[in-house]
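This report walks through one protein model, beginning with its overall make-up and ending with a single residue. Please keep the sequence and the 3D view at hand while reading.

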Amino acid sequence: MIEKIKKGFPTPTNEWFKKFNQEIRDILLDPVAVERGIYNTEYVEKILKKYKRVKGIT
């Protein structure tokens, strides 16, 4: 048997962020979601803003 390094498969996250940026923002930064405190909303905002700036999403 030939040994190969195990490789994962690429996920289309760039495409998802490009296509669904506003939907992601609407869901993750919804006041109810923010109130639950499940994740760091400041970090989510930072990632979305950075991606939007770099990729030129309007």
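The paragraphs below take up the fold, the confidence, the surface and then one lysine.

The model is predicted rather than determined by experiment, and it should be read with that in mind. The protein holds 3 helices and 0 strands, so that a reader who follows the sequence from start to end meets the pattern α-α-α.

How confident is the predictor in the protein? The mean pLDDT of the protein is 85, and 90% of its residues reach 70 or more. Within the protein the confidence is lowest in helix α3 and highest in helix α2, as the table sets out.

| Helix | Residues | Mean pLDDT |
|---|---|---|
| α2 (highest) | residues 31-36 | 95 |
| α3 (lowest) | residues 41-55 | 82 |

Turning to the surface, the accessible area of the protein comes to about 5700 Å², and carbon and sulfur atoms account for 57% of that area. Of the 58 residues in the protein, 16% are buried. Among the contacts in the protein with a separation of 6 or more, 42% join residues that lie 24 or more positions apart in the sequence.

A closer look at one residue may help to make these ideas concrete. Lys52 belongs to helix α3, the helix in which confidence is lowest. Lys52 counts as partly exposed because its relative accessible area is 30%, a value that falls between the limits of 20% for buried and 50% for exposed. Although Lys52 and Asn21 are 31 residues apart in sequence, their C-alpha atoms are 7.9 Å apart in space.

Notes. Residues numbered from 1 in each chain as written. Predicted model: local features only at pLDDT ≥ 70, side-chain atom pairs only at ≥ 80, totals over all residues. Heavy atoms only, no water. Helix = DSSP H or I, 4+ residues; strand = E, 2+ residues; numbered from the N terminus. Buried < 20%, exposed > 50% of the residue type's maximum accessible area, 1.4 Å probe, protein only. Contact = heavy atoms within 4.5 Å. Areas by Shrake-Rupley, 256 points an atom, 1.4 Å probe, with all protein chains shown as cover. pLDDT = per-residue confidence, 0-100.
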